[in-house]
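User: Please take me through the assignments in this structure and set each value against the criterion behind it.

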Amino acid sequence: MKKILGLLLLSVTVSFAQEIALVRDNGLFGYISKTGEYLIQPKYKVAKSFSDGLAGVLDNKKWGFINSKGEWVIPAIYKDVTEFDNGVCLVNLNKEYFYINKKGEKLTSPKTDKLYPFEDGIAFIRDGKKVGIINPKMEIVLAPTYELIRPFVGDYAKVKNNGKWGIIDRKGKVIVEPIYDEIGELHKNTTWARVEKSYGLVSNNKFKAIDSVMKIWDFGDQDLAYARKNEKIGFIDLNGNWVIEPKFDKARAFAFQLAPVSIEKKWGYVNAKGEMVIDFIYFDAEVFSADGLAPVKTVKWGFTDRTGKLVIPGNYDISVVGFNMFGNSEKGFINGLARVKYAGKWGFISPDGKLLGNKWYENVELFQE
């Protein structure tokens, strides 16, 4: 009986979780659902995306938080706020920075020279020139130890000490010793690194240089990384072996078995064997998404399927560079929708090319929960 009740509670929780997008129309911010309907009509001069079920909005020059019904949950009393993450938000009230929970209650943080916003369940603390980590319970996970800690990517983060880079996990455990001049993201216990002028791979804390390689990028979802040798780009595996010989001018990571590659300013796609699946016919190309489509550029951007068929014509822009409020720059289809720009307006299209809600906006942000 308890197991059934637990499943029912889980289903209720899931049913209430919905994705919401921040949009701007006629100079005001509002929020839409994935049906394209307004959950909250545009009425705010300044607003943030939903995160952790709450969104920061500006009212009478002060920040507070609303829920998905537009109801005030935390009153607008703050000079500045970040987004909630794992139930915690950094705010500024009367020139004092501190953390609050989703009830608006002030939290006591460990001693730190500076407060940092939480991101993916982690926030930094500082003691002089050293940085450490705390969790949302305000517990010290890692005492200030490093000169610099980059944001976590999955379960790992790059760290820097004495000008050298390494990698730690979320518990602060050293996974790769900080002894490298450059380092990449960890993938299956392997990453790329640079020692002086030599590039290679680090696996199980052992560095192996790859002859004549001038640069290595991070691994994609197919256990292949692209690397440059003799001014050309190819792909190496987790052992540092060339799987696709360097012959391309540019490339991007593998995603869903295909990678964008370029020769003489034209882009196409190769598979893991180096075979051309989509010929060099585009001016630019991005990686494939789980929806089976990738953004490709003719004069403007459209979307191709994995066979090379242009299923959505090249009528759009997809870059978000230059937005003041809309900073997330992910491109392509994400959970069934792609953010695109047409005739100076922004909106969302589905994989069949239909415009969500049959409406364009001044700006749109990606959907968040």
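Analyst: Strands are DSSP runs of E with at least two residues, numbered from the N terminus. With that numbering, asparagine 239 is placed in the loop between β25 (232-236) and β26 (242-248). The model is a predicted one.

User: Why is asparagine 239 called exposed or buried, whichever applies?

Analyst: The relative accessibility of asparagine 239 is 53%, so the residue counts as exposed, the cut-off for that class being over 50%. Asparagine 239 nevertheless touches Leu201 and Lys208, when residues up to four places away in sequence are not counted. Its C-alpha atom is separated by 9.4 Å from that of valine 202, and these two residues are 37 residues apart along the chain.

User: What makes serine 350 count as buried or exposed?

Analyst: Serine 350 has a relative accessibility of 18% and therefore counts as buried, since buried means under 20%. The residue is found in the loop between β37 (345-349) and β38 (363-364). Leaving aside neighbours within four places in sequence, serine 350 is in contact with Ile312, Phe333, Gly336 and Leu337.

User: What is the distance in the polar contact between the side chains of serine 350 and aspartate 352, and how does it compare with the cut-off?

Analyst: The side chains of serine 350 and aspartate 352 are joined by a polar contact of 2.3 Å. The criterion asks for N or O atoms within 3.5 Å.

User: How do you know which strands are the edges of the sheet β4-β5-β6-β7?

Analyst: The order β4-β5-β6-β7 describes an open sheet of 4 strands with antiparallel pairing. Its edge strands are β4 (47-51) and β7 (72-78), each of which pairs on one side only. Direction ignored, neighbouring strands of this sheet are turned by 20 degrees against each other on average.

User: What makes β6 and β7 a pair?

Analyst: Strand β6 (residues 62-66) is joined to β7 by 3 bridges, and the two run antiparallel. Pairing requires at least two bridges, so the criterion is met. Phenylalanine 65 has isoleucine 74 in β7 as its bridge partner.

User: Which strands are the edges of the sheet β8-β9-β10-β11, and how many bridges join β10 to β11?

Analyst: This is an open sheet of 4 strands, in the order β8-β9-β10-β11, with antiparallel pairing. β8 (80-81) and β11 (106-107) are the edge strands, each pairing on one side only. Between β10 (residues 96-100) and β11 there are 2 bridges, and at least two are required. Isoleucine 100 stands opposite lysine 106 in β11.

User: Why is the pair of phenylalanine 65 and phenylalanine 84 classed as it is?

Analyst: The whole structure holds 16 aromatic pairs. For phenylalanine 65 and phenylalanine 84, the ring centres are 4.8 Å apart and the planes stand at 70 degrees, so the pair is edge-to-face; the limits are within 6.5 Å for the centres and over 60 degrees for that class. Phenylalanine 65 lies in strand β6 and phenylalanine 84 in the loop between β8 and β9 (89-93), so the pair ties together parts that are 19 residues apart in sequence. Phenylalanine 65 and phenylalanine 84 are buried. Tyrosine 116 and phenylalanine 124 also form an edge-to-face pair, at 5.9 Å centre to centre and 75 degrees between the planes, and both are buried.

User: Which charged residue sits over the ring of tryptophan 267?

Analyst: The charged end of arginine 252 sits over that ring, 4.6 Å from its centre, where the distance limit is within 6 Å. Lysine 34 lies over the face of phenylalanine 367, at 5.8 Å from the ring centre.

Definitions and conventions:
Residues are numbered from 1 along each chain as its sequence is written. This is a predicted model: local features need pLDDT of at least 70, side-chain atom pairs count only at pLDDT 80 or more; totals for chains, interfaces and linings use all residues. Side-chain values use heavy atoms; hydrogens and water are left out. Buried means under 20% relative accessible area, exposed over 50%, partly exposed in between (1.4 Å probe, protein chains only). A polar contact is a pair of N or O atoms within 3.5 Å; within protein, one must be able to donate a hydrogen and the other to accept it, and residues adjacent in sequence count only if both atoms are side-chain atoms. Contact means heavy atoms within 4.5 Å. Axes are lines fitted to C-alpha atoms, for helices over the stretch in contact, and angles run from 0 to 180 degrees between N-to-C directions. Rings of Phe, Tyr and Trp (its six-membered ring) pair if their centres lie within 6.5 Å; planes under 30 degrees apart count as stacked, over 60 as edge-to-face and the rest as tilted. A charge sits over a ring if NZ of Lys or CZ of Arg is within 6 Å of the ring centre and within 35 degrees of the ring normal.
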